[in-house]
Amino acid sequence: MSAGPNTRGALKHVLGHLLTPLLMCVGMGLAYLGAFHAPEPHDLRVDVVGSGPTTRVLAQSLQDEGAGALDVRTVADRETAVTALREQHSFGAYVPGEKPELLVASGSSDTSAMAVEKVFTKVAAAQDAPLKVTDIAPTASGDPTGQGVFFLLVALSIGAYASVAVIGGAGAVLPMRIRVLLAAGMSFVVSLIGTLFAGPVFHLVDRGLGGVWAMSWLYAAGILLVGVGLHTFLRRWTTLGVMVLFVMLNFTSSGGIYRPELQPGFFGALHAFWNGAGFVEGVRAHVYFDGHDLGGNVLVLALWLVVGAVLVTIAGLTEARRAKAVAGPSVEGSAEEKAEVEEEMEEAVAV
């Protein structure tokens with residue numbers, strides 16, 4: 001039996017919509033494998049403590065042997081080295097001697113601390129001396145790997161961008177101001193859930209929970225406003241667009257697993273201004289480093305919120321012009337619009 005027109009039409013419809021998961025597969029593969037598959041240090045700042053010729057020779061040898069992997073400097077004393085670590089200017093400091101010591105700050109990045117420890121364990125072994133490792137900014141007891149903040153970022157992101165599909169799709173007939181209020185409400189709820197996870201539930205942070213909540217709200221609100229604004233222009237492609245922005249490019253450049261010093265340059269460049277990096281580094285600065293550089297990271301989150309506010313404003317004006325140009329749909333909407341909303345919601349749930 002030959003396929004009837006309804007079957008052919010349905011098949012054509014399905015094949016057309018299979019483009020979205022294919023693009024997601026390609027995008028996720030390129031993003032995650034490109035960012036995480038082969039972490040190697042480059043220009044990773046480490047210090048050697050001391051001022052004599054032996055110290056300078058050791059530092060130069062490490063610099064030469066690293067072939068670009070390390071940025072080795074000498075500092076006068078241990079106190080200076082600790083300050084550099086607390087201000088996240090360096091990721092390790094080696095104190096040579098009969099009992100060599102390595103200073104690290106795992107709160108900045110556990111994987112960076114491990115990379116530094118690997119280097120200087122070999123240095124100490126060459127001197128036939130055991131290496132003492134001192135962590136001057138350890139992570140909370142509930143986050144021994146230091147990656148809990150990254151997974152908190154994942155939870156907040158999923159809550160926010162899934163809400164975009166609901167508000168933009170099912171709520172498309174609502175006035176923009178109502179959608180913005182829904183976005184603000186959902187960002188508040190998502191941030192509260194994230195804060196509960198970070199504090200009482202999993203103890204990812206052991207202090208500064210109020211600041212973690214504030215950054216969670218800024219982060220979630222920025223995603224929701226950007227997504228709701230984009231929906232006016234992207235329609236059923238909004239889920240894919242939001243995934244590119246806030247999953248593929250966001251998670252990989254956040255520094256939650258590997259800091260940019262262990263990643264390809266593209267993701268390191270995004271780390272300077274992407275909202276996920278602003279959240280992860282902001283939480284680290286607030287919780288582990290006495291607020292050093294906190295302002296810059298909060299500014300990144302605030303600017304993304306501003307971008308979202310601008311987008312929903314432009315989207316609202318665009319919808320108003322469209323409504324004047326053509327007769328608006330009924331409250332129930334056309335069958336085609338209903339199908340589009342259902343497809344968008346299904347895509348969001350599947351993701």
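## Helix α9 and its kink

Helix α9 has a kink of about 40°, centred on Val244. Keep in mind that this is a predicted model. The helix runs over residues 238–253, and at 1.5 Å a residue its 16 residues should span 22 Å; the end C-alpha atoms sit 21 Å apart, which agrees.

As for its surroundings, 13 of the 16 residues of α9 are buried, so the helix is largely enclosed by the rest of the structure. Just after α9 comes Gly255, with a positive phi of about 80°.

## Helix α8

Helix α8 covers residues 209–234. With 26 residues at 1.5 Å each, the expected span is 38 Å, and the 36 Å between its end C-alpha atoms agrees with that. Right behind α8 you'll find Arg235, whose phi is positive, near 55°.

## A greasy patch around α7

There's a nonpolar patch on the surface made of Met186, Phe188, Val189, Leu192, Ile193, Leu196, Phe197, Val201, Phe202 and Trp213. Together these residues offer about 840 Å² of accessible area. Helix α7, residues 176–201, supplies the largest share of the patch, with eight residues.

Phe197 is one of the patch residues, and it lies in α7. Its relative accessibility is 32%, so Phe197 counts as partly exposed, falling between the 20% and 50% cut-offs.

## Salt bridges

The model's salt bridges come to eight. One of them pairs the side chains of Arg179 and Glu319, with N to O at 2.6 Å. Arg179 belongs to helix α7 and Glu319 to helix α12 (residues 294–325), so this pair ties together parts that are 140 residues apart in sequence. The two partners sit in different settings by the accessibility classes: Arg179 is buried at 2% relative accessibility, while Glu319 is partly exposed at 21%.

Another salt bridge joins Arg207 and Asp206, at 2.9 Å from N to O. Here Arg207 is partly exposed, with a relative accessible area of 44%, and Asp206 is partly exposed too, at 49%.

Then there's Glu261 with Arg259, where the closest N and O atoms are 3.1 Å apart. Glu261 has a relative accessible area of 14%, which makes it buried, and Arg259 is likewise buried at 9%. This pair is part of something wider: Arg259, Glu261, Glu281 and Arg284 are linked in a network of salt bridges.

## Positive phi in loops

Two loop residues are worth a look if you're checking backbone torsions. Ala67 isn't a glycine, yet its phi is positive, at about 50°. Ala67 sits in the loop between α3 (53–66) and β2 (70–75). With a relative accessible area of 69%, Ala67 is exposed.

Asp293 is the other one, with a positive phi near 65° in a residue other than glycine. You'll find Asp293 in the loop between α11 (275–288) and α12. Asp293 is at 49% relative accessibility, so it counts as partly exposed; the cut-off for exposed is over 50%.

Terms used: Residues are numbered from 1 along each chain as its sequence is written. This is a predicted model: local features need pLDDT of at least 70, side-chain atom pairs count only at pLDDT 80 or more; totals for chains, interfaces and linings use all residues. Side-chain values use heavy atoms; hydrogens and water are left out. Patches are made of residues with over 30% relative accessible area and no salt bridge: like charges are joined within 9 Å, nonpolar side chains (Val, Leu, Ile, Met, Phe, Trp, Tyr) within 5 Å. Accessible areas come from the Shrake-Rupley method with a 1.4 Å probe; for residues, only the protein chains shown count as cover. A salt bridge is a side-chain nitrogen of Lys or Arg within 4 Å of a carboxyl oxygen of Asp or Glu. Helices (H or I, at least four residues) and strands (E, at least two) are DSSP runs, numbered from the N terminus. Buried means under 20% relative accessible area, exposed over 50%, partly exposed in between (1.4 Å probe, protein chains only). The expected span of a helix is 1.5 Å times one less than its number of residues. The bend at a residue is the angle between axes fitted to the seven residues ending there and the seven starting there.
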